[in-house]
Amino acid sequence: MDNDDSSNNGDQMSSTTQSNTTINRMMATTEESSSPNGSYLRFRFNEDCGFHTCVYREHQTHFHCMRKDCGYSFCDKTRIVQHTARHERLDSLMGGDFQQFRSSVSCMQSECPFGSTVGGNLINNNCGGGVGGGNNMKTSHFHCLKCDYVCADTDKVVAHRRQHAKMDNISAAGFEKYSPSQDCQKEMCNYRLKQTHYHCLTCNYSVLGLSQMSSHKFKYQQQQQQQLQSQD
């Protein structure tokens, strides 16, 4: 019985030591970094963190995430691991196609329905890690770097990235997309203003899906090869 208790206590101490080691490694880099991974800075209770709206400024020891798209502030250093994991997860979801703006950071786009209206200043986060204080605060959200799309839902980020990937495949296949509301201006097109379809940029051939594009592209390449052979 005593051996089991000693073993369990040893496991708990080992787990705690590993967690503290991870945190200490993350805190080893204390200078501000402009890299995507960013860094964390610790400010003592009597130090000025420079974040003008920070609720801990010059009166409570705290930390700031120094990523340009974040600025998150917190008191408990054990949150470093959790917050770093959050960034890693979101970076994976965004895949370099989106930029996230926390509710504490202004996206600086006046027409954005989700953005903060406090200019470039950061709005505070409370000690528990939630968002608190500040005026005109809105929602954490994402801006697409390829178009004007903006959303506040990570599922929509993934779906929108897939849409861009699809459009990239369409362009690579040499086609252009037309929705039912877009006039392709091809007089002989059976799908004009009726349903979503695609036109070949070389010959105006119309298709309804990617599989037909591949087939058309293969036939077109064969025709080109036959023309070259006939010229020889």
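**Exercise 1. Work out how the span of helix 3 compares with the expected one, and which way the helix faces.**

Start with the length: in this predicted model, helix 3 covers residues 154-172, 19 residues in total. From its first C-alpha to its last it reaches 27 Å, close to the 27 Å expected at 1.5 Å a residue.

Next, pick out the buried residues, using under 20% relative accessible area as the cut-off. That gives Val157, His160, His164 and Ile170. Looking down the axis of helix 3, these buried residues fall within an arc of 140 degrees, so they line one face of the helix.

Now flip to the face turned away from that buried side: here you find the exposed residues Asp155, Arg162 and Ala172.

**Exercise 2. Check what happens at the two ends of helix 3.**

At the start, look at Asp153: one of its side-chain oxygens comes to within 2.9 Å of the backbone nitrogen of Asp155. Then go to the other end, where Gly174, just after the helix, takes a positive phi of about 85 degrees.

**Exercise 3. Place Pro113 and decide whether it is buried or exposed.**

First, locate it: Pro113 sits in the loop between strand 4 (98-101) and strand 5 (141-144). The cut-off for exposed is over 50%, and Pro113 has 54% relative accessibility, so it counts as exposed. Finally, Pro113 and Thr139 are 26 residues apart in sequence, with 9.0 Å between their C-alphas.

**Exercise 4. Decide where to go easy on the details.**

The chain averages a pLDDT of 76, and 72% of the residues score at least 70. Residues 2-10 stay under 50, with zero contacts beyond four places in sequence. Residues 12-37 are also below 50, but that stretch has 28 contacts beyond near neighbours in sequence. Where pLDDT is low, don't read the predicted coordinates in detail.

Methods: Residues numbered from 1 in each chain as written. Predicted model: local features only at pLDDT ≥ 70, side-chain atom pairs only at ≥ 80, totals over all residues. Heavy atoms only, no water. pLDDT = per-residue confidence, 0-100. Contact = heavy atoms within 4.5 Å. Helix = DSSP H or I, 4+ residues; strand = E, 2+ residues; numbered from the N terminus. Buried < 20%, exposed > 50% of the residue type's maximum accessible area, 1.4 Å probe, protein only. Expected span 1.5 Å × (residues − 1). Arc of directions from axis to C-beta. Polar contact = N/O pair within 3.5 Å; in protein donor to acceptor, adjacent residues only side chain to side chain.
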